[in-house]
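I opened this structure to look up how its strands, helices and core fit together. My notes follow in the order I took them.

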Amino acid sequence: MDRIIRGIIKYHHHTRLGMVEQFKRVRDNPAPKAVFFTCMDSRMIPTRFTETNVGDMFVVRNAGNLIPHSQHFVNEAFTTEPAALELGCIVNDIKHVIVCGHSDCKAMNLLHSLQDEEYASVDNRRISPLRAWLCRHADTSLEKFQQLKSTNFTEPLTFQAETPMRKFVAYIDPDNKFSIEDKLSQINCLQQMQNVASYGFLKRRLETHDLHLHALWFDIYTGDVYYFSRQRKRFVEINDLTARPILKEIRRYYS
């Protein structure tokens, strides 16, 4: 708390006035461009590595950047994530949903450990909300990971895209640069896009190409950011050489 209070004082002296001016500019006509789902990990600061500012994005954070599948909800039993999708994509007419995972994700490391049946038992889930959250809402990511593991991490996976009839193929870390848990983290990003598409209130916009789903992945050790390219069927590092082809692909696939 000492650090936080001192930080607020520094904010008052150095950045507050500039932020107030930004708030004034977007107060009456905010136009956010994306709903950005990412992990609550303290090392993840998406507004920094995307260079976005006040009013640019709705950011939703939780353990493991999960968006629960709609099948888990009945009547009025919902969590924050679908409510954020409705607020962003229906109320505010945002056209891009981004799921962003990262390396050394503690939630994904734990999910990998939950392959042990005893560790993932009902008794253990009852004493650990985090284990329960992952077992309930990241089980499909783990299933995809086990499918990839059965091929010695060499064969592609298939994911549903914006509609059940629209699918894409993904090679996960074909250069074998990342750890086993990081491979799971990348799979989880792609699975969450499928979960987003499960909500009925988004169906029309997804079917008419009026709402677009993207996956990013951030390497916290190198600072590199990767975009999942459906054309190249893999996560591609965003840099000076790849930015233009990636933007060209986005215009082609999402126009």
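Entry 1. I began with one pair of residues: isoleucine 98 has histidine 214 in E6 as its bridge partner. I note that the model is a predicted one. The pair belongs to a longer match, since I found 7 bridges between E3 and strand E6 (residues 212-218), and the two run parallel.

Entry 2. I turned to the other partner of E3. Strand E1 (residues 34-39) is joined to strand E3 (residues 96-102) by 4 bridges, and these two strands run parallel. I looked up two facing pairs here: valine 35 is opposite valine 97 in E3, and phenylalanine 37 is opposite valine 99 in E3.

Entry 3. How many residues of E3 are buried? I read 6 of the 7, so E3 is largely enclosed by the rest of the structure. Buried here stands for under 20% relative accessible area.

Entry 4. I then traced the whole sheet. It is open, has 6 strands in the order E2-E1-E3-E6-E7-E8, and its pairing is mixed. Which strands stand at the edges? They are E2 (57-62) and E8 (234-237); each has a single partner strand, so one side of each lacks a neighbour in the sheet. Ignoring direction, I noted an average turn of 25 degrees between neighbouring strands of this sheet.

Entry 5. Next I looked at a pair of helices. Helix H5 (residues 106-113) packs against helix H7 (residues 129-137) at an angle of about 75 degrees, and their axes are 10 Å apart. Angles of 65 to 115 degrees count as roughly perpendicular, and H5 and H7 are therefore roughly perpendicular to each other. On the H5 side I listed Ala107, Met108, Leu110 and Leu111 in the contact; on the H7 side, Leu130, Arg131 and Leu134. By class I counted 6 nonpolar residues, no polar ones and 1 charged one in this contact.

Entry 6. I went on to the nonpolar cores. The largest has 51 residues, and Leu85, Leu134 and Leu190 have the most contacts inside it. Helix H9 (residues 180-196) gives the most to this core, namely 6 residues. What does leucine 190 touch, leaving out residues up to four places away in sequence? I found Phe159, Phe168, Ala170, Ile172, Ala215, Phe228 and Phe235.

Entry 7. I also found a second, separate core of 15 residues. Among its members are Ile220, Val225, Ile246 and Ile250. As a general remark, nonpolar side chains tend to be buried together in soluble globular proteins.

Notes:
Residues are numbered from 1 along each chain as its sequence is written. This is a predicted model: local features need pLDDT of at least 70, side-chain atom pairs count only at pLDDT 80 or more; totals for chains, interfaces and linings use all residues. Side-chain values use heavy atoms; hydrogens and water are left out. Two strands pair if DSSP finds at least two bridges between them. Axes are lines fitted to C-alpha atoms, for helices over the stretch in contact, and angles run from 0 to 180 degrees between N-to-C directions. Angles under 35 degrees count as roughly parallel, over 145 as roughly antiparallel, 65 to 115 as roughly perpendicular and the rest as oblique. Contact means heavy atoms within 4.5 Å. Ala, Val, Leu, Ile, Met, Phe, Trp, Tyr, Cys and Pro count as nonpolar, Asp, Glu, Lys and Arg as charged, and the others, Gly among them, as polar. Buried means under 20% relative accessible area, exposed over 50%, partly exposed in between (1.4 Å probe, protein chains only). A nonpolar core is a set of buried Ala, Val, Leu, Ile, Met, Phe, Trp, Tyr and Cys residues joined through side-chain atoms within 4.5 Å.
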